[in-house]
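Welcome! Take a look at the sequence and the 3D structure below, and then try the exercises one at a time before reading each solution.

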Amino acid sequence: MSNYIVNPKVPNELKSAIQAKISDAKASGQTKDLMYQQQIYTFPIIKIKRDDLYYNLANDRTLTKTREFIEDNPVDDDFFSEQNFFNKEAQSEYHKIISTFIPDNMPEVLRKTRDQRDPLYITENGIMANGNTRLSCFRNIDLFGEVECLVFPSDYS
C-alpha cells in the first residue's frame, strides 16, 4: 500500500483546464476516432496531471468492497454515489479500495517499460470513465506525472 494522498483539482478549475486542452487538441488534430455500434466517435486526446483527476466511485468492479466499507464505517449509504464524486474523503477511501484491484505484475511492468500503453478515458469534468485501476497504480508508484487521456464529449452518454 502506498502513502499516496488523493488531492484532485477543484472541480470547476479542472473542467476549465480540460476544456482548454480539448480546444488545443481539436485545433492541432490530436483526436482519435473509435467505432462503436457502427458509428464513429471522435475523442480529443489530452495530457493532464494524474493527480488532478477523480475516480469514478460508481464502478461495478468495486461494488462489493464499497458496500463493505459503508457497512463498516460511520458514513452515509450514498458515500460512493455520483453526487459524492467530488468529495475528497470519498475519493481518498476509494483510492484505498481500488488499489487492492491492481494486478500484482502491473507496477513492475509499468516501471520496466515506462509506457502508459493505453490512454485513460475521462469525462469533461475529469472523472474516470475507464482506467480507475491504472490511475491508482500510476499514483501509488509515482509514475506518469501527466497521463494521456481520451475525453468523452459531453454529448456522449
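The exercises below go from the sheet to the helices, then to salt bridges and a single residue.

This is a predicted model, in which local features need pLDDT of at least 70 and side-chain atom pairs count only at pLDDT 80 or more, while totals for chains, interfaces and linings use all residues. Residues are numbered from 1 along each chain as its sequence is written, and side-chain values use heavy atoms, with hydrogens and water left out.

**Exercise 1. The sheet**

Find the order of the strands in the sheet, and work out which strands stand at the edges.

Solution.

Step 1. Start with the elements: helices (H or I, at least four residues) and strands (E, at least two) are DSSP runs, numbered from the N terminus. Two strands pair if DSSP finds at least two bridges between them.

Step 2. Now follow the order. The open sheet has 5 strands, arranged 1-2-5-3-4, with mixed pairing. Strand 1 and strand 4 (128-130) each have a single partner strand, so they stand at the edges and one side of each lacks a neighbour in the sheet. From one strand to the next, the twist averages 45 degrees; angles run from 0 to 180 degrees between N-to-C directions, and axes are lines fitted to C-alpha atoms, for helices over the stretch in contact.

Step 3. Check the pairings. Strand 2 and strand 5 run antiparallel and are joined by 5 bridges; here Ile48 has Val147 in strand 5 as its bridge partner. Strand 3 and strand 5 run parallel, with 4 bridges between them, and Tyr121 is partnered by Leu150 of strand 5. Strand 3 (residues 120-123) and strand 4 run antiparallel with 2 bridges, and Ile122 has Met128 in strand 4 as its bridge partner.

Step 4. Add the helices that pack on the sheet. Helix 1 (residues 11-27) touches strand 1, strand 2 (39-49), strand 3 and strand 5 (146-152), and its direction makes about 120 degrees with that of strand 2. Helix 5 touches strand 3, strand 4 and strand 5, at about 115 degrees to the direction of strand 4. Contact means heavy atoms within 4.5 Å.

**Exercise 2. Two helices meeting**

Describe how helix 3 packs against helix 5.

Solution.

Step 1. Look at the geometry. Helix 3 (residues 88-99) and helix 5 (residues 132-140) have axes 9 Å apart and pack at an angle of about 100 degrees. Helix 3 is therefore roughly perpendicular to helix 5. For such labels, angles under 35 degrees count as roughly parallel, over 145 as roughly antiparallel, 65 to 115 as roughly perpendicular and the rest as oblique.

Step 2. List the residues. From helix 3, Tyr94, His95, Ile98 and Ser99 meet Asn132, Thr133, Ser136, Arg139 and Asn140 of helix 5.

Step 3. Sort them by class. This contact has 2 nonpolar, 6 polar and 1 charged residues. Ala, Val, Leu, Ile, Met, Phe, Trp, Tyr, Cys and Pro count as nonpolar, Asp, Glu, Lys and Arg as charged, and the others, Gly among them, as polar.

**Exercise 3. Salt bridges**

How many salt bridges does a search of the whole structure find?

Solution.

Step 1. Take the total: the search finds 6 salt bridges. A salt bridge is a side-chain nitrogen of Lys or Arg within 4 Å of a carboxyl oxygen of Asp or Glu.

Step 2. Visit a pair that links distant parts of the chain. Asp52 and Lys9 meet at 3.9 Å, N to O. Asp52 lies in the loop between strand 2 and helix 2 (63-72), and Lys9 in the segment before helix 1, 43 residues apart. Asp52 is buried, at 12% relative accessible area, while Lys9 is partly exposed at 27%. Buried means under 20% relative accessible area, exposed over 50%, and partly exposed in between (1.4 Å probe, protein chains only).

Step 3. Turn to a pair within helix 3. Lys96 and Glu93 are 3 residues apart there, about one turn of the helix, and their closest N and O atoms are 3.3 Å apart. Lys96 is partly exposed at 40%, whereas Glu93 is buried at 17%.

**Exercise 4. One residue**

Where does Lys32 sit, and which residues does Lys32 touch?

Solution.

Step 1. Place Lys32: this residue belongs to strand 1 (residues 31-36). Lys32 is partly exposed, with 38% relative accessibility.

Step 2. Leaving aside residues up to four places away in sequence, Lys32 touches Tyr41, Thr42, Phe43, Ile45 and Leu150.
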